[in-house]
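Me: Please take a close look at the aromatic rings in this model, and then at what lies around them. I would like one connected account in plain words.

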Amino acid sequence: MSVILLKFASPLQSWGGLANYEIRNTEYYPTKSAVIGLVAAAFGFKKTDTESIKKFNSLNFSVRIDQRGSLIRDFQIAMEYNPKYMPNDPNYFVKSNLIQKYYIQDAKFLIALSSDDEKLMEDVYNALKSPAYQLFLGRKSNPINADYLIGKFDGNELDIIKDYEWLASKWYKESIKKDSVELSIFSDYIDTSSKEKLIRRDLTESFENTKRDFSSRFEYKYVTKVGE
């Protein structure tokens with residue numbers, strides 16, 4: 001089995017979750033749909049290329065939380081206008097909306113993608129090495145870190161993501177003041193060592209603006225110890 005490892009370590013990240021127009025939340029670690037969207041962008045697919053994008057749902061997906069970030073909130077003002085009127089008409093301006101956007105700051109995640117389809121994995125790896133579009137970590141205000149692509153490996157996805165070196169910053173490791181720590185891993189890879197089974201609604205059905213849709217998948221929690 002081929003396994004691709006990615007590092008997400010930009011200063012700000014945002015990972016979907018339940019949201020409405022005025023409140024844009026974030027999950028505390030990357031969703032599968034967001035990473036599938038990133039892969040699709042690397043290939044140069046548009047949001048309307050639904051069938052081409054959905055084939056990436058077959059990839060096994062895991063995320064290890066190497067450095068827990070903190071939640072921050074940003075406020076933005078969005079102005080609403082009536083296009084029937086000219087800007088100098090008093091009826092042109094309708095109202096202003098206060099938009100709250102949430103981000104994770106100073107977080108680091110280790111991502112694993114795997115499949116037995118060697119051709120697919122080779123294509124994904126090559127696309128990530130030379131992406132067609134600029135890649136972002138959840139929002140266009142969050143460009144991806146330059147060293148995001150760690151490499152391509154052969155083996156068991158869960159073993160590889162458990163054993164890979166701890167990616168946390170030096171200041172973060174020193175702040176913990178422990179010889180070893182346990183890191184959480186969330187994966188759709190099934191193994192008997194799983195600590196917990198969750199349901200996540202982040203399997204991509206469509207990214208199209210008019211009919212964005214996601215279905216549910218099972219996610220399993222694992223724990224690995226680092227720093228010993």
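Reply: F43, F45 and F56 are joined into a cluster by ring pairs. The model is a predicted one. F43 also has a charged neighbour: the charged end of K55 sits over its ring, 5.9 Å from the centre. A similar arrangement is found at Y103, where the charged end of R139 sits over the ring at 4.7 Å from its centre.

Ring pairs come next. A pair of aromatic rings is described by two things, the distance of the centres and the angle of the planes. The model has 10 aromatic pairs, counting rings whose centres lie within 6.5 Å. One of them is formed by Y81 and Y92, with 4.7 Å from centre to centre and 25 degrees between the planes, and it is stacked. Y81 belongs to strand β5 (residues 70-81), while Y92 is in the loop between β5 and β6 (93-105), so this pair ties together parts that are 11 residues apart in sequence. Y81 is partly exposed, at a relative accessible area of 40%. W171 and Y172 make another pair; their ring centres are 5.8 Å apart and their planes stand at 85 degrees, so this pair is edge-to-face. W171 is partly exposed at 49% relative accessibility, whereas Y172 is buried at 14%.

F43 leads on to a helix, since α1 covers residues 32-43 and K32 is placed in it. K32 counts as buried because its relative accessibility is 4%, and buried means under 20%. Apart from neighbours within four places in sequence, K32 is in contact with N57, L59, F61, D188, D202, L203 and R217.

The sheet comes last. It is open and has 7 strands, paired antiparallel in the order β8-β1-β7-β4-β9-β11-β10. The edges are β8 (149-154) and β10 (196-206); each has a single partner strand, so one side of each has no neighbour in the sheet. On average, and with direction ignored, neighbouring strands are turned by 25 degrees against each other. The partner of β10 is β11 (residues 213-226), and these two strands pair in the antiparallel sense over 8 bridges. R200 stands opposite R217 in β11. Helix α1 packs on this sheet and touches β1 (2-8), β4 (60-67), β7 (108-115), β10 and β11. The direction of α1 makes about 40 degrees with that of β10.

Terms used. Residues numbered from 1 in each chain as written. Predicted model: local features only at pLDDT ≥ 70, side-chain atom pairs only at ≥ 80, totals over all residues. Heavy atoms only, no water. Phe/Tyr/Trp six-rings, centres within 6.5 Å; stacked < 30°, edge-to-face > 60°. Helix = DSSP H or I, 4+ residues; strand = E, 2+ residues; numbered from the N terminus. Buried < 20%, exposed > 50% of the residue type's maximum accessible area, 1.4 Å probe, protein only. Lys NZ or Arg CZ within 6 Å of the ring centre and 35° of its normal. Contact = heavy atoms within 4.5 Å. Pairing = 2+ DSSP bridges. Axes fitted to C-alpha atoms, helices over the stretch in contact; angles between N-to-C directions.
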